[in-house]
Amino acid sequence: MNKLETKKVSFLLPMNTFIAVEELSAKRLITPSELIREYINKGLSVDATLADLDNIRSNIRAELVSYLKPQVERIIKCVIKGGIASSAGYYLNAKAISSFVPSHLQSEYESALMESKKLGVAHMQVRDRKVDEFMKESEDKLDRKL
C-alpha cells in the first residue's frame, strides 16, 4: 500500500476484541491491520447501502407498480364487464318474468323482486371465507418471492 494514500490511525480496542482480531487474522493469514481495514470498509459499505435504502425501496415500489398496474386494470375491467352482464341478465329475467305475471299478481311479483335485490346486496356484503383464504395465500406467495 502506498504511504501517500494512507493515514496512520491508532485507537484502543477492548481486550476480547483485540484477541478476536489477532486470532481471525492469523487464520486468514493476513495482518490485523488488513483485517481491521477490511471490516471498516465493509461497515462503511453497509452504511452507504442503508442510506440508499429509501431510494432502493422507492425503485422497487415503482417497478412493482409499473408491472402490476396493467394487470390490476385488466382485472377491474373484467369485474366491471361481469357486473354489467350480470345486471343485464337480472333485468332481462325480471322483465321477461314480469310479462308472464298476471296484472292482479304484479304487486306480489314486484315485492318478490325487491326482496331478491335485498338478498343479493346482503350476499355481496358477506365475506367469503374461500376468497379470503385464496387472497391470503396469494399475498404469502408474493411476500416469499420478494
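In this predicted model, four salt bridges are counted. Side chains of opposite charge can pair when their charged atoms come close. One of the bridges joins Arg 28 to Glu 38, with 2.8 Å between the closest N and O atoms. This pair links distant parts of the chain, since Arg 28 belongs to helix α1 and Glu 38 to helix α2, 10 residues apart. Arg 28 has a relative accessibility of 38% and therefore counts as partly exposed, and Glu 38, with a relative accessible area of 24%, is likewise partly exposed.

Two further bridges lie within single helices. Arg 57 forms a salt bridge with Asp 54, the closest N and O atoms being 3.6 Å apart, and both residues lie in helix α2, where a spacing of three residues corresponds to about one turn of the helix. Arg 57 is partly exposed at a relative accessible area of 43%, whereas Asp 54 counts as exposed because its relative accessibility, 58%, is over 50%. In helix α4, which covers residues 129–145, Asp 140 and Lys 136 are four residues apart and so are separated by about one helical turn; the closest N and O atoms of their salt bridge are 3.0 Å apart. Asp 140 is partly exposed, with a relative accessible area of 26%, and Lys 136 is partly exposed as well, at 47% relative accessibility. Beyond these individual pairs, Arg 28, Glu 38 and Lys 42 are joined into one network by salt bridges that share partners.

Aromatic contacts were examined next. The count comes to one aromatic pair, which is formed by Tyr 90 and Tyr 91 in an edge-to-face arrangement, with 4.9 Å from centre to centre and 85° between the planes. Tyr 90 is partly exposed, with a relative accessible area of 27%, and Tyr 91 is also partly exposed, at 49% relative accessibility.

Both tyrosines, Tyr 90 and Tyr 91, are found in the lining of the second largest pocket, together with Ser 86, Ser 87, Ser 116, Lys 117, Gly 120, Val 121 and Met 124. Helices α2 (32–100) and α3 (106–125) are the elements that give two or more residues to this lining, and α3 gives the most, with five residues. The space in this pocket amounts to about 300 Å³.

On the surface, a nonpolar patch of about 590 Å² is made by Val 9, Phe 11, Leu 13, Met 15, Phe 18 and Ile 19. Of these residues, Phe 11 is placed in the segment before α1 (15–28), and Phe 11 is partly exposed, with a relative accessible area of 48%.

How values were computed: Residues numbered from 1 in each chain as written. Predicted model: local features only at pLDDT ≥ 70, side-chain atom pairs only at ≥ 80, totals over all residues. Heavy atoms only, no water. Patch = residues over 30% accessible without salt bridge, like charges linked within 9 Å, V, L, I, M, F, W, Y side chains within 5 Å. Areas by Shrake-Rupley, 256 points an atom, 1.4 Å probe, with all protein chains shown as cover. Salt bridge = Lys/Arg side-chain N within 4 Å of Asp/Glu carboxyl O. Buried < 20%, exposed > 50% of the residue type's maximum accessible area, 1.4 Å probe, protein only. Phe/Tyr/Trp six-rings, centres within 6.5 Å; stacked < 30°, edge-to-face > 60°. 1 Å grid on protein atoms, 1.4 Å probe; cavity = no way out; pocket = protein on both sides within 12 Å on 5 of 7 lines; lining within 4 Å. Points joined across faces, edges and corners; volume = space filled by probe spheres on them.
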